[in-house]
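Colleague: I have some labels to challenge on this one. Can you take me through them?
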Amino acid sequence: MSAAVSPLAPKKYPTMPVVEGVRIATAEAGVKYKGRTDLLTMVFEEGTTVAGVFTRSKCPSAPVEFCRDNLAGGTARILVVNSGNANAFTGKKGRATTAAVGEAAAKAVGAGKDTVFMASTGVIGEPLPAERVTGFLNAMVADAKPEGWLAAAKAIMTTDTYPKVATATVRMGEVDVVINGIAKGAGMIAPDMATMLSFVATDAPIAAPVLQELLSKGTGKTFNAVTVDSDTSTSDTLMMFATGAAARRGAPTITDAKDPNLVGFRRALNRILKTLALQVVRDGEGARKQLEITVTGAKSSRSAKKIALSIANSPLVKTAVAGEDANWGRVVMAVGKAGEPAERDLLSIWFGDIRVAHEGERDPDYSEEATSAYMKKDEIALRVDLGIGRGKATVWTCDLTKEYVAINGDYRS
C-alpha cells in the first residue's frame with residue numbers, strides 16, 4: 001500500500017448507515033499484508049437477491065468464475081473477499097481454493113454453496129492457501145455486525161491509499177430505503193471493469209433479474225467510463241445485493257424494471273456507482289490530477305467513447321497533464337489513432353473554457369499564460385469537438401506520474 005494518501009482523496013467520508021439485513025466482519029488473515037485487515041465477510045439475511053458484472057478478460061480469476069456460476073441462482077447469503085492475493089492464474093489450485101472457501105462459507109451460514117459469493121484482489125499467479133480464509137469464517141459470521149462499512153472498504157484495499165465508500169437514502173413507495181457501496185482499485189484500471197472490486201447493498205425488495213438490469217445498465221457511464229492505465233484486470237467484480245428487509249416496513253416489491261417506484265432508486269444507484277468510480281480514478285497509482293475527457297460532434301456515441309478512451313489511455317497525454325503542459329498536439333495524435341471517423345480540419349480542442357485549437361490549427365486567440373495557469377488545477381476538463389455528427393461521451397482518467405512506475409516496478413516484492 002502506498003505510504004502517502006492521494007492528494008485527491010475525499011476530505012471527509014459520509015456516515016454510512018446500516019443496511020437492514022446485512023452484517024459485516026473483517027479480520028487480519030495475513031494473506032500478504034502484516035498489521036492490517038485483509039479479509040471481509042458480509043452476511044445477508046435469507047431472501048437476499050444478487051446481481052453481478054464481471055471482467056471481460058479472457059483470463060479471469062477463479063473467484064470470478066465461481067461467482068458467475070452461482071449468479072444464476074439469484075440469491076445470496078454470504079460474500080467473502082480477501083486482498084493481497086488475486087487467486088488468478090493459479091490453475092487447479094485456484095479452483096480448489098474457491099471450492100474450499102465456498103464450502104466453509106456455506107457451512108458457516110447454514111446455506112447452500114450456490115448462495116456464496118467471493119472475490120480476491122492482489123498479486124496474480126501466487127497460489128492462495130484456502131486455510132488463510134477458511135479458518136476465520138465461523139468466527140467472522142458469528143461476530144458480524146450491521147455496522148462497519150468503512151472498515152469493510154479498508155479490508156479490501158491493495159495499492160489504494162484510501163477506502164472508497166458512498167451512500168444514499170431514497171424513497172421507494174412510502175418508505176426510505178438505503179443503498180451503500182464500497183470499492184477498491186488504484187491500478188490496472190480500464191473499462192470492462194478493472195482490478196476493481198465494488199460491492200453495493202440495499203434493503204430494497206428487488207427481484208434478481210431487475211437488480212441485474214439496473215446494475216448492468218448503470219456501469220456504462222460509470223465504472224466502464226474510467227481508466228487509470230488501460231489495463232483490464234483478471235478480477236474485476238461489481239456485485240449488488242438486495243436484502244428486501246424494507247418490505248417489512250411497507251416498501252413495494254419490485255419485479256419489473258419499468259416500475260415507477262424505481263425511478264428515484266435508479267438515479268441514486270447510478271450516482272453511487274459514479275461516485276465510487278471517480279474515487280477509483282482519484283486514487284490512480286501516483287495520481288495528482290483527475291482528467292475528465294468529453295468528446296462531442298462524433299459520428300455516434302460509441303465512436304465518441306472510443307476516441308475519448310484513446311485520449312484517456314494515451315501515456316503521452318497523461319504525462320503532459322502530469323507536467324501541467326497543455327500539449328494539444330498529443331490530443332490530436334490520440335484522436336487520429338483511434339480508428340474512428342474524424343476530420344482533421346474540423347477539430348476543436350478546449351482545456352477548461354480555453355479553446356486551444358480550432359478548425360485544424362492553433363486557435364488564433366490562444367494564450368499560453370492562461371492555459372498554463374489552468375493546467376495547475378487538480379481537476380482538468382478536456383473537450384474535443386469533431387464537428388461531424390451528434391455523438392458524445394465522457395470518460396475519466398488521471399495523470400501518469402513517476403510514482404506510478406515506482407509503485408508498479410516493485411509490486412510483487
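Modeller: Go ahead. Bear in mind that this is a predicted model. Take helix α10, residues 368-375. On the face turned away from its buried side sit the exposed residues Glu369 and Ala373.

Colleague: Which residues of α10 are the buried ones?

Modeller: Thr371, Tyr374 and Met375. Buried requires under 20% relative accessible area, exposed over 50%.

Colleague: What makes you say that the buried residues line one face of α10?

Modeller: Look down the axis of α10. The buried residues fall within an arc of 100 degrees, so they line one face of the helix. As background, an α-helix has 3.6 residues a turn, so residues three or four places apart point the same way.

Colleague: What do the buried residues of α10 pack against?

Modeller: One helix, α8 (315-322), and the strands β11 (348-351), β12 (354-358) and β14 (379-385). Contact here needs heavy atoms within 4.5 Å.

Colleague: On to the aromatic rings. Why is the pair Phe44 and Phe241 called stacked?

Modeller: The ring centres of Phe44 and Phe241 are 4.3 Å apart, and the planes stand at 20 degrees. A pair needs centres within 6.5 Å, and stacked needs planes under 30 degrees apart. Both values pass, so Phe44 and Phe241 are a stacked pair.

Colleague: How do you know that this pair links distant parts of the chain?

Modeller: Phe44 lies in strand β2 (residues 39-44) and Phe241 in strand β9 (residues 237-242). They are 197 residues apart. Phe44 and Phe241 are both buried.

Colleague: Why is Phe117 with Phe241 called edge-to-face?

Modeller: Their centres lie 6.4 Å apart, within the 6.5 Å limit. Their planes are at 70 degrees, and edge-to-face means over 60, so the label holds. Phe117 is in strand β5 and Phe241 in strand β9, so this pair ties together parts 124 residues apart in sequence. Phe117 is buried too.

Colleague: How many aromatic pairs are there, and which residues form the cluster?

Modeller: There are 2 aromatic pairs. Phe44, Phe117 and Phe241 form one aromatic cluster.

Colleague: Last, the cavities. How many are there of 30 Å³ or more?

Modeller: The structure has 2. The largest holds about 60 Å³ of space. Elements giving two or more residues to its lining are β4 (78-85), α2 (91-109) and β5 (116-123).

Colleague: What classes of residue line the largest cavity?

Modeller: The lining has 7 nonpolar, 5 polar and no charged residues. Among the nonpolar ones are Val80 and Leu128.

Colleague: And what classes line the second largest cavity?

Modeller: That lining has 5 nonpolar, 1 polar and 2 charged residues. Asp325 and Arg330 are in the lining, and both types count as charged. Helix α8 gives the most to this lining, with 3 residues.

Methods: Residues are numbered from 1 along each chain as its sequence is written. This is a predicted model: local features need pLDDT of at least 70, side-chain atom pairs count only at pLDDT 80 or more; totals for chains, interfaces and linings use all residues. Side-chain values use heavy atoms; hydrogens and water are left out. Buried means under 20% relative accessible area, exposed over 50%, partly exposed in between (1.4 Å probe, protein chains only). Helices (H or I, at least four residues) and strands (E, at least two) are DSSP runs, numbered from the N terminus. The arc is that of the directions from the helix axis to the C-beta atoms. On a 1 Å grid over the protein atoms alone, a cavity is a set of points where a 1.4 Å probe fits but cannot get out, and a pocket is an open set with protein on both sides within 12 Å along at least five of seven lines; lining residues have an atom within 4 Å of a point. Grid points are joined across faces, edges and corners, and a volume is the space filled by probe spheres set on the points. Rings of Phe, Tyr and Trp (its six-membered ring) pair if their centres lie within 6.5 Å; planes under 30 degrees apart count as stacked, over 60 as edge-to-face and the rest as tilted.
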